[in-house]
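Here are some friendly exercises for getting to know a new structure. Take a look at the model first, try each task, and then follow the worked solution.

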Amino acid sequence: MLKDITLGQYLPGDSFLYRLDPRVKIGATILSLVAYFSARSLYAFGLLTLLTALLVFLSGISFRVILRAIRPVVAVLLIMGILVLFTTKGAGEPYFSLSVFSLFDLEIYPEGIARAVLFSLRIVLLVVSTCLFLTYTTTPTSLTDALASVLSPLTILRVPVYDFAMMMTIALRFIPTLAEETDKIMSAQKARGADFSSGSLIRRARALIPILIPLFASSFRRAGELATAMECRCYRGGAGRTKLRVFRLRVWDLLFLFLCGAILASVFLLNTWLPTGISL
Amino acid sequence: MNETVNEILRLSDVSYAYGAGTPQRTDALDHVSVGFQKGKITGVIGHTGSGKSTLVQLLNGLLRPDSGRVFFEGRDIWEKPKEITALRFHVGLVMQYPEYQLFDETVEKDIGFGLRNMKLPPEEIGARVREAAAFAGLPEELLKKSPFDLSGGEKRRAAVAGVIAMRPEVLVLDEPAAGLDPRGRRQILSGLHRYGRESGTTVILVSHSMEDMALYCDHIVVMDHARVLLNGTTAEVFSRTSELLAAGLDIPEISRLSAELLAAGVPLSGTLYTVEGVERSLLSLLGKGEASC
């Protein structure tokens, strides 16, 4: 069912990650992205893996949910990993060599294995920490509020930050609604014998028409109703709107951000002090 | 016994949960066993979230039970999962707010969508569309219009016609009268009642209005908290007033009155859930025979 998609879904819960200021979580996500991609030394990788595992443990989110977040990227990781594995040329003797029609050689070097593993690890860490910081523990509304707050200096440059934030909130708000709607329309057409999963590509594309037309019709209807409802409540653009929940940075938030900065710094230090022989 | 012989559909020990394996897991059906009589009109009633809509989607194989089995005419419908589309022509389902599924250029083409999926010849499609439109109470001149130009009630009837046209042995309708005004409600429900009687089709109606159930159904299944609370003929179910009230269902004013009369020692008998039935019973008690007031 469409409703079962986990990537991009808030999970109600309570742990220190839930209580962090969402702006701090955005900052922490950016810092961790930089850390994952600047890590060169194996020690730095080890440190980041340990810390991400610790984060998973402290988040209070079950390991199975985390695995489900990784599942959609596994196929991409496999393809990319295999490409990296075979395209990396090492200095020493290859572990494995096979000439295909004497056109090109398939060779596996120890460096290739290391690069493929680290490459996949990097992506997995990235997905896990982003999901933990942003999607699982932050509601879409507080996420967009936080984004608007982080980007608010741009209003000086006449960027309509608040309008964008409102558009994003609405878009995010309607993803589950539309998914549910699609599900319902699909069921209704299936009940009339529609078949979406067999036949040629063209047949399958044509089979989508009975879903897309009602979906568009109802999206326009919903958009119109929402606009009317917003006008009824005197919405006239986002600037100057006050919030029910005002973000306040606490000591712990600043401490956490500082900690993330310190980890990033130690990654750079490990890169220079304890470099490993593999070029990544 | 005789009852199971006449059954066309049966759920046997069926469970279904949404979001299995996540913290938001909710049980929609919890070991439910229930049968539906051939040629009868059965009402499924229950509170919001009692599992009614899940139940009807299991009947035509839109959902697959987590455990338990669904039988249509004695055969497990999931015996050959690839043939599930064929079952949907035998068990027709009209979903909630079906007017949002209309998509084709004209009402005629939209009603014929299921028939084209059945791969029927065009002449037969035309004849069946007209027949179904008549059953659903849709005037002929509307057939050439775009479904998006119809009124709410007309759209609803066009969607119902789209399923009737397939001539299913079982017609399942999830809240067919939801959101319609009292007149539209009566039109669509009495139309379905007449259709069921005239064509001999088994009709399963989901609703949360006890008044509608009392008027149109032979049998009633009462759902509460993912389980079947009561299951029996309309008279049987309406005699269990206290259980219905405990399940948070609104019983018709008239059965509330007759329940209080019975409790006060008035020996009423016969149909006690319609105004006419109670009137007849009271009059016969007073010895006035068939006179009406």
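**Exercise 1. Put the strands of the 6-strand sheet in chain B in order, and find its edges.**

Step 1. The 6 strands of chain B make an open sheet with mixed pairing, in the order S6-S7-S8-S3-S9-S10. Strands here are DSSP runs of type E with at least two residues, helices are runs of H or I with at least four, and both are numbered from the N terminus. Two strands pair if DSSP finds at least two bridges between them.

Step 2. At the edges are strand S6 (91-94) and strand S10 (227-233) of chain B, each pairing on one side only. From one strand to the next, the twist averages 15°.

Step 3. Inside this order, S3(B) pairs with strand S9 (residues 219-224) of chain B in the parallel sense, over 5 bridges. Opposite Gly43(B) you will find Ile220(B) in S9(B).

A word on the source: this is a predicted model in which local features need pLDDT of at least 70 and side-chain atom pairs count only at pLDDT 80 or more, while totals for chains, interfaces and linings use all residues. Residues are numbered from 1 along each chain as its sequence is written, and chains are lettered from A and ligands numbered from 1 in the order in which they are written.

**Exercise 2. Describe the 4-strand sheet of chain B and the helix that packs on it.**

Step 1. The order is S2-S1-S4-S5, in an open sheet with antiparallel pairing. Strand S2 (26-37) and strand S5 (75-76) of chain B each have a single partner strand, so one side of each is left without a neighbour in the sheet.

Step 2. Strand S1 (residues 7-18) and strand S4 (residues 67-72) of chain B run antiparallel and are joined by 5 bridges. Leu11(B) has Val70(B) in S4(B) as its bridge partner.

Step 3. H2(B) packs on the sheet and touches S1, S2 and S4 of chain B; its direction makes about 125° with that of S1(B). Such angles run from 0 to 180 degrees between N-to-C directions, with axes fitted to C-alpha atoms, for helices over the stretch in contact.

**Exercise 3. Is Gly51(B) buried or exposed?**

Step 1. Find Gly51(B) in the loop between strand S3 (41-46) and helix H2 (52-59) of chain B.

Step 2. Gly51(B) counts as buried because it has 24 C-beta neighbours inside 10 Å. The cut-off for buried is 20 or more other C-beta atoms within 10 Å, exposed means 12 or fewer, and partly exposed lies in between, with C-beta atoms placed from the backbone.

Step 3. Setting aside neighbours within four places in sequence, its contacts are Ala28(B), Leu29(B), Gly46(B), Met223(B) and Ala226(B). A contact requires C-beta atoms, placed from the backbone, within 7 Å. Ala28(B) is 23 residues away along the chain, yet its C-alpha atom is 5.0 Å from that of Gly51(B).

**Exercise 4. Which residues touch the most other members of the largest nonpolar core?**

Step 1. A nonpolar core is a set of buried Ala, Val, Leu, Ile, Met, Phe, Trp, Tyr and Cys residues joined through C-beta atoms within 7 Å.

Step 2. Among the 82 residues of the largest one, the answer is Ala161(B), Ile164(B) and Val172(B). Helix H7 (residues 152-164) of chain B gives the most to this core, with 6 residues.

Step 3. Another core, of 20 residues, lies apart from it, and includes Leu48(A) and Leu125(A).

Methods:
Contact = placed C-beta atoms within 7 Å.
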